[in-house]
Amino acid sequence: MNLKLLILLFFVSPITVFAQKQKADSLFKLITIEKADTSKVRLMWELGNAMSGYNPDSALVYAQKALNLATEINYSEGKSKALGVLAITFRRIGDYSRALKYNLQRLQLAENQNDPDNLANVLMSIGVVYRYQEEYQKALYYYYKSDSVIKKYKLDDTEYYIYMNLGDVYDKLNNTDSAFSYFSKSLIVSTNLNNDDYIGNSMTGLGHTYLKMGNYDFAGLNYRTAITHLFAANNDEVLCEAYHGLANLYIHTNNNKDSAVYYAKLSLALAQKDGFINWQLNATQLLTELYKKERDVDSAFFYLSATQQLNDSINSKERIRQVQVLSSNETLRQLEIAENLRLAQKERKQQLQYLVIAIFIPFFFLLTLLLSRIRVHHRIIKVLGVLSLLLLFEFLLLFLHPKVAEFTNHTPILEMLIFVAIATLLIPGHHRFEAWLIKKLTHKHGSIKLKNVRLSLKKPES
């Protein structure tokens, strides 16, 4: 089995991959014919998002391209979406430091935008990264910041997710009271939405909480109800979790070995079908302990061997993950090099244009001076003189604009005030200099014309 196939199996199921590939193919075709830059940005980050589950390297390429273009055209929403795809992709391959970096960049953008829903989601995403790193207190800090935004702006569509995330962290911290409170809130929201997937997740969380509280009847009720909803929603991963929860429950209730084995094997079979290695490991470990207690040596040894093989697979997965992280980092490094080269070429082209303009303006002025010394209508000389000055002053404004924008950090009000001040100084000077220049340019021409008139008057009659 090659490296790419292993990575594929560790992240998504074949059915999901097929659907994502179909979506990616259609998005790629749209990108090739799209002309508008903002639409291209949207299509590229959507393509990156579609590919992040089965082809992280390509997902990073398109997300980074979307970010570069959005930055170039100053498209804030596009920048935020592209950063989000980069963060999600790195989180999926296990590079949590990079995922956190891009989420924090996205947070800076979200804080300057009038989009509470986006701000709440970004804060929650940062919390999720900390949760994966098992830094639960930091996860809670960002979850609560997200929760405050959700409550302030009444973001009903996001309520379920924050309640589930808070319940999950408190469950990991074995804070059963808080876990119960948030899982219960998530159940109320999911019931109102009539969403089987949400209900199944919430009730599985409540099953864990009741089990830790020692309330086995309610734990069993929640697990069994969760299984019905999860089965309807085709959520096999959480279904594995619910089966495993029931197996644990039967171990605690009078050591009901047969029921515990039954649900542990259901969890194992489903995890094997879908490639959920962690749930396979949990199930084989549970079955090993059960058969050890029953002194069933053959079965215990069988599942112990399976546990060892799964541990080896997880270690292999970790090594593959590390290779994938290195590969992704190199992909981004090459993209950064290419982008820096493109920007350098663009800057060089711009500098050449400035140089050409700077050479052309004095040349045009000299041409005007030359024409003023020969017999050309004085109106033409006047027009050329005005054009020379306009070119000079417009060049000054063109040259100053990037420096003013950088100085003001692209703040429109400050830019306007500075340019108004510059115009206040330049316009009167422009008019005075224009009057002086036109007078000088046309004076010689007028003198020549007057001299010719005088000569004609002195010409003797024939």
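Reader: What should the 16 residues of helix 6 span, and how far apart are its end C-alpha atoms?

Author: Keep in mind that this is a predicted model. The idea is to take the rise of 1.5 Å a residue and compare the expected span with the distance between the ends. For helix 6, residues 96-111, the expected span is 22 Å, and the end C-alpha atoms are 22 Å apart, so the two agree.

Reader: And which residues of helix 6 are buried?

Author: Start with the geometry. An α-helix has 3.6 residues a turn, so residues three or four places apart point the same way. In helix 6, the buried residues are Arg98, Ala99, Leu100, Tyr102, Asn103, Arg106, Leu107, Leu109 and Ala110.

Reader: Let's try helix 8. What should its 18 residues span?

Author: Use the rise of 1.5 Å a residue again: helix 8 should span 26 Å, and its end C-alpha atoms are 26 Å apart, so that agrees too. Its buried residues include Tyr136, Ala139, Leu140, Tyr142 and Tyr143. Farther along, Ser146, Asp147, Val149 and Ile150 are buried as well.

Reader: Which helices do the buried residues of helix 8 pack against?

Author: They pack against helix 6, helix 7 (116-132) and helix 9.

Reader: Is Asp147 buried or exposed, and why?

Author: The way to decide is to look at the relative accessible area, and buried means under 20%. Asp147 has 7%, so it counts as buried. This residue is found in helix 8, residues 136-153. Its side chain makes a polar contact with the side chain of Lys151, at 2.7 Å.

Reader: Leaving aside neighbours within four places in sequence, what is Asp147 in contact with?

Author: Ile162 and Tyr163. Tyr163 is 16 residues away from Asp147 along the chain, and their C-alpha atoms are separated by 8.5 Å.

Reader: What is the phi of Lys154, just after helix 8?

Author: First the general rule: most residues other than glycine have a negative phi. Lys154 has a positive one, near 55°. You'll find Lys154 in the loop between helix 8 and helix 9 (156-172). With a relative accessible area of 68%, Lys154 is exposed.

Reader: Where does Asn174 lie, and what is its phi?

Author: Asn174 lies in the loop between helix 9 and helix 10 (176-193). Its phi is positive, about 60°, although Asn174 is not a glycine. A relative accessible area of 53% makes Asn174 exposed.

Reader: Now Ser80. Which residues is it in contact with, leaving aside neighbours within four places in sequence?

Author: Contacts like these tell you what a residue sits against in the fold. For Ser80 they are Arg106, Leu109 and Asn118. The side chain of Ser80 also makes a polar contact with the side chain of Asn118, at 3.4 Å. Ser80 is in helix 5, residues 76-92, and is buried, with a relative accessible area of 2%.

Reader: Which residues form a nonpolar patch on the surface?

Author: Look for Ile413, Leu414, Met416, Leu417 and Val420, which together have about 500 Å² of accessible area. One of them, Leu417, is found in helix 18, residues 412-458.

Reader: Zooming out, how many helices and strands does the protein chain have?

Author: There are 18 helices and 0 strands. Of the 462 residues in the chain, 41% are buried. The chain exposes about 27,000 Å², with carbon and sulfur atoms supplying 58% of that area. Among contacts with a separation of 6 or more, 58% are between residues 24 or more positions apart.

How values were computed:
Residues are numbered from 1 along each chain as its sequence is written. This is a predicted model: local features need pLDDT of at least 70, side-chain atom pairs count only at pLDDT 80 or more; totals for chains, interfaces and linings use all residues. Side-chain values use heavy atoms; hydrogens and water are left out. Patches are made of residues with over 30% relative accessible area and no salt bridge: like charges are joined within 9 Å, nonpolar side chains (Val, Leu, Ile, Met, Phe, Trp, Tyr) within 5 Å. Accessible areas come from the Shrake-Rupley method with a 1.4 Å probe; for residues, only the protein chains shown count as cover. A salt bridge is a side-chain nitrogen of Lys or Arg within 4 Å of a carboxyl oxygen of Asp or Glu. Helices (H or I, at least four residues) and strands (E, at least two) are DSSP runs, numbered from the N terminus. Buried means under 20% relative accessible area, exposed over 50%, partly exposed in between (1.4 Å probe, protein chains only). Contact means heavy atoms within 4.5 Å. A polar contact is a pair of N or O atoms within 3.5 Å; within protein, one must be able to donate a hydrogen and the other to accept it, and residues adjacent in sequence count only if both atoms are side-chain atoms. The expected span of a helix is 1.5 Å times one less than its number of residues.
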